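Here are some notes to read alongside the structure. Please keep the sequence and the 3D view open, and look up each residue as it comes up.

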Amino acid sequence: MMASDTAGPPSVTGCTAFRLRKLSRRVSQHYDGHLAAAGLRSTQFSLLSVLMGDVPPTLTQLADTLEMDRTTLTRNLKPLATAGWVRTSVGDDGRSRTVHITEEGRARWRAGRPLWREAQRSLHTALGLPQVERLHQALDDALAHLPAH
């Protein structure tokens, strides 16, 4: 996994997926540390953020938005439903499920929002805004070149 890829350019060594996952874990830990005061993890805050819109999405729409398979999404929604922050209902066609954020979920999101802002500010300070801009551009470019599955 950590061996150099001999087919790639000599300046690129190591596993890209490993580095991205390591960075993702570290960034998640940073946000989780800030959001803990609101009883939230970064993954939960992100899900609640997507659900703050006016139109509740179906499970499929939400999974597509998050680029997550429905099984993983359902597993991630379960603790939010248990906490009373989200609920599901039968969709318009009778076959789909719609995901709704509850008033408790909106209140939890509002409690987390200033903590998320502080996490964002402190991360940007630690990395420096030019680095954050380059990181965002590199991530956006990579996403544009890799097909969603």
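Which residues of H4 are buried? The points below begin with that helix, and it should be kept in mind throughout that this is a predicted model.

1. The buried residues of H4 are Thr72, Leu73, Leu77 and Leu80. The helix itself runs over residues 70–82, which makes 13 residues, and from its first C-alpha to its last it reaches 18 Å, close to the 18 Å expected at 1.5 Å a residue. Among the elements that cover its buried residues are two helices, H2 (42–51) and H3 (59–66), together with two strands, S1 (86–90) and S2 (97–101).

2. Both ends of H4 deserve a look. At the N-terminal end, Asp69 acts as a cap, with a side-chain oxygen that lies 3.1 Å from the backbone nitrogen of Thr71. Just after the helix, Gly84 takes a positive phi of about 85°.

3. The largest nonpolar core has 18 residues, and those that touch the most other members are Leu40, Leu48, Leu62, Leu73, Leu77, Val86 and Val99. At least two residues of this core come from each of H2, H3, H4 and S2, and H2 gives the most, with four residues. As background, nonpolar side chains tend to be buried together in soluble globular proteins. Leu77 is a useful residue to follow here, since, when residues up to four places away in sequence are not counted, Leu77 touches Leu47, Leu59, Leu62, Val86 and Val99.

4. Is Asp32, which lies in helix H1 (residues 16–35), buried or exposed? Asp32 has a relative accessible area of 14%, and it therefore counts as buried, the cut-off for that word being under 20%. The side chain of Asp32 is joined to that of Arg41 by a polar contact of 3.3 Å. With neighbours within four places in sequence left aside, Asp32 is in contact with Leu40, Arg41 and Ser42.

5. Pro56 is found in the loop between H2 and H3, and it counts as partly exposed because its relative accessibility is 33%, a value that falls between the limits of 20% and 50%. Although Pro56 and His100 are 44 residues apart along the chain, their C-alpha atoms are separated by 5.3 Å. Not counting residues up to four places away in sequence, Pro56 touches Thr98, Val99 and His100. Val99 has already appeared in point 3, as one of the core residues that touch the most other members.

Terms used: Residues are numbered from 1 along each chain as its sequence is written. This is a predicted model: local features need pLDDT of at least 70, side-chain atom pairs count only at pLDDT 80 or more; totals for chains, interfaces and linings use all residues. Side-chain values use heavy atoms; hydrogens and water are left out. The expected span of a helix is 1.5 Å times one less than its number of residues. Buried means under 20% relative accessible area, exposed over 50%, partly exposed in between (1.4 Å probe, protein chains only). Contact means heavy atoms within 4.5 Å. A polar contact is a pair of N or O atoms within 3.5 Å; within protein, one must be able to donate a hydrogen and the other to accept it, and residues adjacent in sequence count only if both atoms are side-chain atoms. A nonpolar core is a set of buried Ala, Val, Leu, Ile, Met, Phe, Trp, Tyr and Cys residues joined through side-chain atoms within 4.5 Å.
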